[in-house]
Amino acid sequence: MSRKWNEDDGPERVQRDGKRLSRQARSLLKQARRPSFHCLRCGSEVPTEASHTRHRNHCPICLWSRHVDGSIGDRKSTCLVSMEPLGLTIKRDGGELMIVHRCTGCRKIGKNRVAGDDNAASIAALLESSAALDEHTTAELEAEGIELCRDRDLVEERLWGRGGTS
Ligand SMILES: [Zn+2]
Ligand SMILES: [Zn+2]
């Protein structure tokens, strides 16, 4: 026997009431319930809590980020424009794989830990495109103390080697 959703049921009622709110108010409410943000690049809704990271600020599909942090995890930046993934780097302490982003607005460079559900094909594509970065960008990264990792085997090991199968 199938049960039809009754409009007077709790969750449905909340939704029905919500329909009177503006689109913006609804999206704010939605954000308040679940920590997430909207990918400015591909439009995916990105939960900020994912496996292996508590401070994800990049999209697992296209890997683009958003300039939300002043310093790591504080969500205090007022810039808020999209950040382009430039390549991958390995954190000196701990050896974690990080994505290097540069803000398309203020050009701030940031690093964000790769999350467990990041798209593997996008990571592989990023690895390839990072090999073709211009000298100016590479110098910019070096000035920040960031050395890009272009070693595919090493990246794969960091991505899937955790705990290993052997
Ligand atoms: Zn995206
Ligand atoms: Zn910025």
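**Zinc site and sheet**

Colleague: Is Cys39 buried or exposed?
Modeller: In this predicted model, Cys39 has a relative accessible area of 4%. The cut-off for burial is under 20%, so Cys39 counts as buried.

Colleague: Which residues coordinate the zinc ion (ligand 1)?
Modeller: The donor residues follow the spacing C-x2-C-x16-C-x2-C, and their SG atoms lie at 2.2 to 2.3 Å from the zinc ion. They are Cys39, Cys42, Cys59 and Cys62.

Colleague: How many residues apart are Cys39 and Cys59, two donors of that site?
Modeller: Cys39 sits in the loop between strand 1 (36–38) and strand 2 (45–47). Cys59, which is buried with a relative accessible area of 0%, belongs to the loop between strand 2 and strand 3 (65–66). The pair thus links distant parts of the chain, and the separation is 20 residues.

Colleague: What is the geometry of the zinc site?
Modeller: The angles among the four donor atoms run from 102 to 116°. Four donors qualify if all angles lie between 85 and 135 degrees, so the site is tetrahedral.

Colleague: Which strands stand at the edges of the open sheet?
Modeller: The sheet has four strands in the order 3-4-5-6, with antiparallel pairing. Each edge strand has a single partner, so one side of it is left without a neighbour in the sheet. The edges are strand 3 and strand 6 (109–113).

Colleague: Which residue in strand 4 stands opposite Ser65?
Modeller: Strand 3 and strand 4 (residues 82–90) run antiparallel and are joined by two bridges. Opposite Ser65, in strand 4, stands Met83.

Colleague: At what angle does helix 3 run to strand 4?
Modeller: Helix 3 (residues 120–130) lies across strand 4 and strand 5 (97–103). Its angle to strand 4 is about 85°.

Technical notes
Residues are numbered from 1 along each chain as its sequence is written. Chains are lettered from A and ligands numbered from 1 in the order in which they are written. This is a predicted model: local features need pLDDT of at least 70, side-chain atom pairs count only at pLDDT 80 or more; totals for chains, interfaces and linings use all residues. Side-chain values use heavy atoms; hydrogens and water are left out. Donors are N, O and S atoms within 2.8 Å of the metal (3.2 Å for Na, K and Ca); water is not among the atoms, so sites may look incomplete. Four donors count as tetrahedral if all angles lie between 85 and 135 degrees; four count as square planar and six as octahedral if opposite donors are over 155 degrees apart and all others between 65 and 115; anything else is irregular. Buried means under 20% relative accessible area, exposed over 50%, partly exposed in between (1.4 Å probe, protein chains only). Two strands pair if DSSP finds at least two bridges between them. Contact means heavy atoms within 4.5 Å. Axes are lines fitted to C-alpha atoms, for helices over the stretch in contact, and angles run from 0 to 180 degrees between N-to-C directions.
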